[in-house]
Amino acid sequence: MSYHLKIYNSDIGFPENWTSTVGKYNVMLSEEYFRALHVSLPSNMECFMVGIFKENELVGGALFQYIDFVGFKKSTKNEPGWNLKSFFSGILIKDVMILGNNMLTGQNGFYFDFSKVSVEDRLMLLHKAVDKMQREIRKTSLIIFKDYQKDFAEQFTGKKYKSYFRFSVQPNMKLKIRESWKTFDEYVNDFSKKYRTRVKSAKKKLNGIEKLELNLESVKKYQKEMNCLYHNVADNASFNTFFLAENHFEKMKENLKDKFKVFGYFSDKELVGFYTLIINNNDIDTYFLGYHKEIQKEKQIYLNMLLDMVGYGILYQFKTIVFGRTALEIKSTIGAEPTEIFGLIKHTNFMINPFMNILFPFISPKTDWIQRRPFK
C-alpha cells in the first residue's frame, strides 16, 4: 500500500475523523487546538498540519510551525528580552521550521496509528513530511525535530538523518501523581520537614489573595490584564522566539472549552496573577502564566501557583503533570523530576551545517541548576 500526504493551513477541510484519529491521544494535535492556534498565532509564526494517508485512510498527522526571526528581532530589539545571544543567533538563523510545538515542552508534533504504520515507515513518513513542507511551503534556515525521549530519538538513523545534529536541551520537568495522594495534605505529608515548612509558609503569604477559575466571559473581561501580566514574565526571559497574541487565551478557552483551564489570583478584585493548564487525557500540561512582579515577591505567587497546579492534579486524579523546561530548580522543590529530551537540528546551508555541534551551544546554552528532592 502507498502513502500520500496532504497539507492543511487552516481548520477548513480536515477529515471528519481527524480529532478521533490523530488528536485522540493528544489534544495538541486535535482540530480544536489547531483552530485555536490558527486564530491566535504570534505575529511571527505560521502553523500547518500534515495529514498522512494510507491509500484513502487517515493513519497519522503532524504539526509544523514556521517561526520568522527577522521580523521578530526588528520588533523586539529595544525590549528587555532582546540581548547579544538573540542577536548572534539572528545572524545564523532567519527562520526555522519545527516538526513539533514550540509553545509546549514534549513530543506534541505527530501521531501515527501504530497498528497500521510500522516504525520504519514512521521515520520515512516524517522525513517525507519535512521534505514536502520545505518544497511546497517554504525553505527555512533551520529544520528542527522537537522533544523526543532518548529511545525514540536514537531511532533517527540512516542516510536521511545523517546530516542532522542530535542535541539535548533542558529537561522536561514532570510530576507523577502517586495513587496514595487522595488529597493535597497527603502529598505535602510525603515531604521532609524542611519542605513541609516551606509549603506552609508560602500558603500563609497568600492570605488576602482570592483564587478563582475563569470561564470564557471572564477571560474576555480580563484579557488585557492577562496579557500585561504575561509580558511581565515573558519580557524578562533571556531569549524569546515569539510573544503570544493578545487574544490567545480567549481563543484557547473558546475552542478547547473544559480542556483549557484558566485560574486567576485577585487582590482587592484586581487580577495580579494567573496560570493556564491544558487537560490532555490523563495528563495535565502546564501552559503560560503571568503575575504582578511586586506582589509575586511579597506573596510567593509563583510557588503557590505550582502548588495549586499539583492540588488540581490530585483532586481530579490525573496521572502526570508536565511542567516544562523552565524554572527547573523551583519545580524540583515541589517534587517534579527531570526527564531528558532530545531533538534533531539541521541548517539548510551546507557550509554552516557541519558546524552545528559547535554553534548549537551558543544558540541554546544549558542552564546550571540544583535538583531538590523534597520527598522523604
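This briefing walks through the cores, one pocket, one helix and two unusual backbone spots of the structure above. Keep in mind that the model is predicted. Its largest nonpolar core has 58 residues, and its second largest pocket has a volume of about 940 Å³. Helix α13 is largely enclosed by the rest of the structure.

**Nonpolar cores**

- In the 58-residue core, the residues with the most contacts inside it are Tyr33, Met103, Met226 and Tyr287.
- Apart from this largest core lies another one, made of 39 residues, including Tyr195, Leu206, Ile209 and Phe318.
- Met226 is a good residue to look up: leaving aside residues up to four places away in sequence, Met226 touches Leu214, Val219, Phe249, Val262, Leu271 and Phe274.

**The second largest pocket**

- This pocket, with its volume of about 940 Å³, is lined by 30 residues, and those closest to its centre are Asn26, Gln107, Gln149, Lys174 and Asp283.
- By type, the lining divides into ten nonpolar, twelve polar and eight charged residues.
- Several elements each supply at least two residues of the lining: the strands β5 (110-112), β6 (142-148), β8 (172-176), β12 (283-291), β13 (320-324) and β14 (337-339), together with the helix α6 (150-153).

**Helix α13 and what follows**

- α13 has 15 residues, and from its first C-alpha to its last it reaches 20 Å, close to the 21 Å expected at 1.5 Å a residue.
- Why is α13 described as largely enclosed? The reason is that 14 of its 15 residues are buried, where buried means under 20% relative accessible area.
- Just after α13 comes Gln317, with a positive phi of about 55°.
- Gln317 is found in the loop between α13 (301-315) and β13.
- Gln317 counts as partly exposed because its relative accessibility is 39%, and the partly exposed range lies between under 20% for buried and over 50% for exposed.

**A second positive phi**

- Most residues other than glycine have a negative phi.
- Where does Asp268 sit? Its place is in the loop between β10 (260-267) and β11 (270-280).
- Asp268 has a phi near 50°, which is a positive value in a residue other than glycine.
- Is Asp268 buried or exposed? Asp268 counts as exposed because its relative accessibility is 76%, and exposed means over 50%.

Definitions and conventions:
Residues numbered from 1 in each chain as written. Predicted model: local features only at pLDDT ≥ 70, side-chain atom pairs only at ≥ 80, totals over all residues. Heavy atoms only, no water. Core = buried A, V, L, I, M, F, W, Y, C linked by side-chain atoms within 4.5 Å. Buried < 20%, exposed > 50% of the residue type's maximum accessible area, 1.4 Å probe, protein only. Contact = heavy atoms within 4.5 Å. 1 Å grid on protein atoms, 1.4 Å probe; cavity = no way out; pocket = protein on both sides within 12 Å on 5 of 7 lines; lining within 4 Å. Points joined across faces, edges and corners; volume = space filled by probe spheres on them. Helix = DSSP H or I, 4+ residues; strand = E, 2+ residues; numbered from the N terminus. Nonpolar A, V, L, I, M, F, W, Y, C, P; charged D, E, K, R; others polar. Expected span 1.5 Å × (residues − 1).
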